[in-house]
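Please study the sequence and the model shown below before attempting the exercises. Each task is followed by a worked solution.

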Amino acid sequence: MDDLIRDIKKLIEPVHALIEEATSYIEPDVCAIINRQITDKKRIEKVLDALLNYAGMCKKADELFKQLCNFLYFIYPALALAYIVFYLEMYNDSGDEDEDYYINSIDVIKKVKKVMKETPITIITGDTHGDFRRVESMCALADTTKDDLLIILGDAGINYYGGKKEFQFKHLLSNLPITMLCIHGNHERRPESLGTYKETPWHGGVVYTEREFPNLLFAKDGEIYEINGKRCIVIGGAYSVDKEYRLERNWGWWPDEQPSDEIKCRVENRLNKENWRIDIVLSHTAPLKYEPREMFLDFIDDSKVDKSTEIWLDSIEDRLTYDLWYCGHYHTNKTIDKIRFLYNDFIEF
């Protein structure tokens, strides 16, 4: 029997060598997806399909498949979950397979998901504008609880309507199995102006909360929160390029949408105390030099847009030593240097 096994191994070794070589041609595409050089969903599916051809027979293919699924889980959760389920149906029963040729790395994914469920996780995303369907789907797929945290980088759209409609909307959101930390955007009221919020200590700083909705938190500009061992400063607000359009239709617009001189002083004084060193910046808009101009609207006269907040953030960014800067506002998912723009992406913080 030992001789037979040895002979079989000799026969399949060339096959495995070919599979390893084929997998090596897929690896650059996996790296390109993770580095956001490939974003087309159909191309991503083709890479996953190619890996599935070799997974279960090639350790490298298994590792790449696991790595890619882990990355995609918070971006295309339904897609990643579908491929994980398909993989488990194909390969999960390892039986008596030789470990030299078969490593079920999906088990690693399952362990990660178990750890994620037992240990609170922090997820970050961009503007929701009152539409929380993708948040609801993410919560279901990631099996979140209110111990988990979702950071929304402004324009959550929660303090927009006012009155009974607002209360009903918050009541629905409060039932989602997650806690939200909302940065101030430009399409919502500042919570401190509403009279229903109180300042509450949270993660080394202060947030605004309402008694009825303890899992809906609103960040205070200039506060520093310790999240996952990182010191994060919050700078909300921006100018609304649709201001005139909203005013003409009696839609919500508020003159305190941009940070006031008082808020700017608070931010700068706080950074002075930190010797202008912080781990992460959480803002709604971005420093002027990083504006994604390809996202500008053709029908908006850019010369009439008030960019005082972006100019001020430019001066902050010039002086600040930081690791990462997350912002929303521009409805795009991209990275420029250490600035990460988020819209409908979910990433693990």
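The exercises below concern salt bridges and one pair of helices. The model is predicted, so local features need pLDDT of at least 70 and side-chain atom pairs count only at pLDDT 80 or more, while totals for chains, interfaces and linings use all residues. Residues are numbered from 1 along each chain as its sequence is written, and side-chain values use heavy atoms, with hydrogens and water left out.

**Exercise 1.** Determine how many salt bridges the structure holds, and describe the one between Glu-192 and Arg-190.

*Solution.* Step 1: recall that side chains of opposite charge can pair when their charged atoms come close. Step 2: apply the criterion, a side-chain nitrogen of Lys or Arg within 4 Å of a carboxyl oxygen of Asp or Glu. The structure holds 18 such salt bridges. Step 3: examine the pair. The N to O distance between the side chains of Glu-192 and Arg-190 is 4.0 Å. Step 4: assess accessibility, where buried means under 20% relative accessible area, exposed over 50%, and partly exposed in between (1.4 Å probe, protein chains only). Glu-192, at 40%, is partly exposed, whereas Arg-190, at 5%, is buried.

**Exercise 2.** State which parts of the chain are linked by the salt bridge of Glu-274 with Arg-231.

*Solution.* Step 1: the closest N and O atoms of Glu-274 and Arg-231 are 2.9 Å apart. Step 2: locate the partners, using helices (H or I, at least four residues) and strands (E, at least two) as DSSP runs numbered from the N terminus. Glu-274 belongs to the loop between α9 (261–273) and β9 (280–283), and Arg-231 to strand β8 (residues 230–235); the pair links distant parts of the chain, 43 residues apart. Step 3: Glu-274 is buried, with 19% relative accessibility, and Arg-231 is partly exposed, with 29%.

**Exercise 3.** Establish how α9 and α10 are oriented and which residues meet.

*Solution.* Step 1: axes are lines fitted to C-alpha atoms, for helices over the stretch in contact, and angles run from 0 to 180 degrees between N-to-C directions. The axes of α9 and α10 come within 12 Å and cross at roughly 5°. Step 2: α9 and α10 are therefore roughly parallel to each other, a term for angles under 35 degrees. Step 3: with contact taken as heavy atoms within 4.5 Å, Lys-264, Val-267, Glu-268, Leu-271 and Asn-272 of α9 meet Ser-308, Trp-312, Ile-316 and Arg-319 of α10.

Key
Angles under 35 degrees count as roughly parallel, over 145 as roughly antiparallel, 65 to 115 as roughly perpendicular and the rest as oblique.
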